[in-house]
Amino acid sequence: MSFTEDAMGDLRKPFLHTGSWYRMGSGQSSMMDSSQVIRDSSISVVACVLIVALGPIQFGFTNGYSSPTQTAITDDLGLSVSEFSLFGSLSNVGAMVGAIASGQIAEYIGRKGSLMIAAIPNIIGWLVISFARDASFLYMGRLLEGFGVGIISYTVPIYIAEIAPQNLRGALGSVNQLSVTVGIMLAYLLGLFVQWRILAVLGILPCTVLIPGLFFIPESPRWLAKMGMTEDFEASLQVLRGFDMDISLEVNEIKRAVASTSKRTTIRFAELKRRRYWLPLMIGIGLLVLQQTSGINGVLFYSSTIFGTAGISNSNAATFGLGAIQVIATGVTTWLVDKAGRRLLLIVSSTGMTLSLLLVAASFFVQDFVSDESSLYKILGILSVVGVVGMVVTFSLGMGPIPWIIMSEILPINIKGLAGSVATLSNWLLSFVVTMTANLLLNWSSGGLAFSYSVYQCVCARS
């Protein structure tokens, strides 16, 4: 692989390359038909998406870590339920800070530069947790992880949306959520076999691979165009589309999109009240708020406890099964999103979640009035598990990936940094509230579980 000279010295320059896996000789190009060009273009974009997908895998690993480790960490460090709940939810606090900074970081040094910055606190945070001797180290590490995750959660969907061809944008955008579910599943799976400190060390792997991987992919063409780097912008787009693809139409379209904005344009909060800005912002915020108030993170962060309450003897193995089902369901969404459409999938998703949460809430409510030894109690436990699985599957079909796709598509380019930060901040604020309260309710009683799931069910029904 070779790089432009500017790229090696300045984070604000893209690491453009003309590696042999993209380069084609003139003899070849004359013989290539259009389908081959399109295929090579898709391969280029997919390769870039797979590299940045390591960020959401890190995101998912952070979310999944607290579930298989709760018992071991509380026993080893003598934590109370409230202390562990704080540990589990502090990643959301760090993510709020990261969300506030993410838009401006991504606009100033680019999408790749912001991902590099996000990777560093993630690595440090996992190492701090792995050597923790008391709760303060756990909290510090969790905050650092959260900061990195907050930047990742904004930057990766934006980068994917900006490099993907129109016909692949929905499917490739869903890869972000698919990668999150893969990260969650990996945390669940590895948690079955390794001790919690070793699991924390394994948590650094996605970001340690991501950092060198970023040197081998181009910067977002749209960001380069916005920054006035015309030559780099066209070179980046050519790499993504293939060297034998005519990119003139897309170049002109991108130039028109950024023509009304200046490289140094500053958008203030007061300007967001204009209809052209507040309407897409409210849609983005609304979808992300609904995503979190559905209670999904309360399930994913503490699924082992939920399965234990439902009477499952090996709750960690059941949790891994849940993670695997989520990966499969999200993979189906990646295939469906451009065929079925965003709106239909959101309707199916919210309806399915409403019915699933109703089943879970009713099962846990009735369990409080039934003997632990009765067959009805066991049946109710099975029904609650079915409801939890149904919730995760239907969430993965729409409410999980689609809000991020829509947000990256509808925000005007000149407010994308500021408005994206506001929307992502709202998402993480609600995630903190859900994850902080969920574990306390889980350890209260079956009635507490029924109450929390009833609240989540009402939110899904309203959506």
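## A walk through an all-helix model

Let's begin at a glycine: Gly203 is buried, with a relative accessible area of 0%. This is a predicted model, so treat everything below as a reading of that prediction. Gly203 sits in the loop between helix H8 (196–202) and H9. Which residues does it touch, once those up to four places away in sequence are set aside? They are Gln58, Phe61 and Trp126. There's also a spatial link to Ser130: that residue and Gly203 are 73 residues apart in sequence, yet their C-alpha atoms are 9.6 Å apart in space.

Before going further, step back for the overall picture. The protein has 21 helices and zero strands. Of its 463 residues, 58% are buried. The accessible surface comes to about 18200 Å², and 66% of that belongs to carbon and sulfur atoms. Now look at the contacts between residues at least 6 apart in sequence: 82% of them join residues at least 24 apart. Keep that last figure in mind, as several of the residues below have partners a long way along the chain.

Just past Gly203 comes helix H9, which spans residues 205–213. Its buried residues are Pro206, Cys207, Leu210 and Gly213. How are they arranged around the helix? Looking down the axis of H9, the buried residues fall within an arc of 120 degrees, so they line one face of the helix.

Now follow one of the contacts of Gly203 back to Phe61, which is found in helix H4. Is Phe61 buried or exposed? With 3% relative accessibility, Phe61 counts as buried because the cut-off for that label is under 20%. Leaving out neighbours within four places in sequence, Phe61 is in contact with Trp126, Gly183, Ile184, Leu186, Ala187, Leu190, Leu199 and Gly203. Trp126 turns up here and among the residues touched by Gly203, and Gly203 and Phe61 also touch each other. Phe61 and Met185 are 124 residues apart in sequence, with 7.7 Å between their C-alpha atoms.

Several of those partners of Phe61 belong to the contact between H4 and helix H7 (residues 169–191), including Gly183, Ile184, Leu186, Ala187 and Leu190. The two helices pack at an angle of about 35 degrees, and their axes are 6 Å apart. H4 passes H7 in a right-handed crossing. On the H4 side, the contact includes Pro56, Phe59, Gly60, Phe61, Asn63 and Gly64; on the H7 side, Asn176, Ser179, Val180 and Gly183 are among the residues taking part. What kinds of residue make up this contact? The tally is 13 nonpolar, eight polar and no charged.

Stay on H4, which covers residues 54–77, for Asn63. At 5% relative accessibility, Asn63 counts as buried. Beyond its neighbours within four places in sequence, Asn63 is in contact with Ile184, Asn297, Leu300 and Phe301. Ile184 belongs to the H7 side of the packing just described. Phe301 is 238 residues away from Asn63 in sequence, but the C-alpha atoms of the two are 5.9 Å apart.

Phe301 comes back when you move along H4 to Ser66, which is also in that helix. Ser66 has 0% relative accessibility and so counts as buried. Not counting residues up to four places away in sequence, Ser66 touches Phe84, Arg142, Phe301 and Tyr302. Phe301, then, is a partner of both Asn63 and Ser66.

Further along the chain there's Asn314, placed in the loop between helix H15 (303–309) and helix H16 (315–340). Asn314 is partly exposed, with a relative accessible area of 45%. Asn314 and Ser304 are ten residues apart in sequence and 8.7 Å apart in space, C-alpha to C-alpha.

The last stop is Ser349, in helix H17 (residues 342–367). Where Asn314 is partly exposed, Ser349 counts as buried at 0% relative accessibility. What surrounds Ser349, leaving aside neighbours within four places in sequence? Its contacts are Thr394, Phe395, Leu397, Gly398 and Met399.

Technical notes. Residues numbered from 1 in each chain as written. Predicted model: local features only at pLDDT ≥ 70, side-chain atom pairs only at ≥ 80, totals over all residues. Heavy atoms only, no water. Helix = DSSP H or I, 4+ residues; strand = E, 2+ residues; numbered from the N terminus. Buried < 20%, exposed > 50% of the residue type's maximum accessible area, 1.4 Å probe, protein only. Contact = heavy atoms within 4.5 Å. Areas by Shrake-Rupley, 256 points an atom, 1.4 Å probe, with all protein chains shown as cover. Axes fitted to C-alpha atoms, helices over the stretch in contact; angles between N-to-C directions. Left-handed = near helix turned anticlockwise from the far one by under 90°. Nonpolar A, V, L, I, M, F, W, Y, C, P; charged D, E, K, R; others polar. Arc of directions from axis to C-beta.
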